[in-house]
Amino acid sequence: MASKPVPPPPMPRLYLATPVVEDPSALAANLPTLLEKADVAAVLVRLATTDQRTMITRIKALAPVIQTNGAAMLVEGNVELVARGGADGAHLPGLAPLQDALPSLKPDRIAGCGGLSTRHNAMAAGEAGADYVLFGEPDPNGQRPSADAIVERLQWWAELFEPPCVGFATTLDEAREFAAAGADFVLVGDIIWNDARGAAAALMDAEKAIQQGYATLVSGQSKVEQE
């Protein structure tokens, strides 16, 4: 009896990281139009460091704009501000920060984790309760793994583990490769905001790259099943 074909995974979705936010007014004005242009699952808000009251005000200015447009809002670090600002969760820069943050975030809010340079730390983050793991972001010195190394890590995770994995893409080619590798989400930041054509055009191009990578993934799975 022939085995049933395995359904393909869902198409990866975009995860948009903001520039460092000092004055949120321009970003809040532009985000609704931007989020209409592509399927953005979540927005990672990177706050400039200042006093807590000001940072909470900035979160409150952005949270409803993001959430009303169907995306989750996560704050980079600053776990203590998440609930007070009305954000949906936080992204933590490593296993230890994740473990420290989980009691205040769970069960109501999202806890994502990056800074996972080893397979062991990635598995430990998943076991601890991370809602996703991120591979490929720059370290504090601005260094990051090669695209091939990130692809290998995404493939390994996608094949073996249940929590979603995210690939940090710095180019459209990387976005395409990470989608083809089985990433559940592709994180984009500077390639969107630094595009001379504007963020909307860049975001739509990133979504197209993801679609192309996903088509490659599905095609590859179909060929394997037919063999």
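## Thr18 in strand β1

A polar contact is a pair of N or O atoms within 3.5 Å; within protein, one atom must be able to donate a hydrogen and the other to accept it. In this predicted model, the side chain of Thr18 reaches the backbone nitrogen of Arg46 at 3.1 Å.

Thr18 is placed in strand β1. Because its relative accessibility is 1%, and buried means under 20%, Thr18 counts as buried. Leaving aside residues up to four places away in sequence, Thr18 touches Leu27, Val43, Leu44, Val45, Arg46 and Trp193. Arg46 therefore appears both in this list of contacts and as the residue whose backbone nitrogen the Thr18 side chain reaches, within the 3.5 Å cut-off.

## Pro24 in the loop after β1

Pro24 is found in the loop between β1 and α1, the latter spanning residues 25-36. Pro24 has a relative accessibility of 12%, so this loop residue also counts as buried, given the limit of under 20%.

With residues up to four places away in sequence not counted, Pro24 touches Arg58, Ala61 and Leu62. Between the C-alpha atoms of Pro24 and Ala128 the separation is 33 Å, and these two residues are 104 residues apart along the chain.

## Helix α6

Helix α6 covers residues 147-160, which is 14 residues. From its first C-alpha to its last, α6 reaches 20 Å, close to the 20 Å expected at 1.5 Å a residue.

Which residues of α6 are buried? They are Ala147, Ile150, Val151, Arg153, Leu154, Trp156 and Trp157. An α-helix has 3.6 residues a turn, so residues three or four places apart point the same way. The buried residues of α6 pack against two helices, α5 (119-128) and α7 (172-181), and against two strands, β6 (132-135) and β7 (165-169).

## The cavity

A search of the whole structure for cavities of 30 Å³ or more finds one. The volume of the largest cavity is about 40 Å³. Its lining is made up of Met11, Pro12, Arg13, Leu14, Asp39, Glu207, Ile210 and Gln211. By class, four of the lining residues are nonpolar, one is polar and three are charged.

Strand β1 (13-21) and helix α9 (199-226) each supply at least two residues of this lining. The most comes from α9, which gives three residues. Strand β1 thus has a part in the cavity lining and is also the strand that holds Thr18.

How values were computed: Residues numbered from 1 in each chain as written. Predicted model: local features only at pLDDT ≥ 70, side-chain atom pairs only at ≥ 80, totals over all residues. Heavy atoms only, no water. 1 Å grid on protein atoms, 1.4 Å probe; cavity = no way out; pocket = protein on both sides within 12 Å on 5 of 7 lines; lining within 4 Å. Points joined across faces, edges and corners; volume = space filled by probe spheres on them. Helix = DSSP H or I, 4+ residues; strand = E, 2+ residues; numbered from the N terminus. Nonpolar A, V, L, I, M, F, W, Y, C, P; charged D, E, K, R; others polar. Expected span 1.5 Å × (residues − 1). Buried < 20%, exposed > 50% of the residue type's maximum accessible area, 1.4 Å probe, protein only. Contact = heavy atoms within 4.5 Å.
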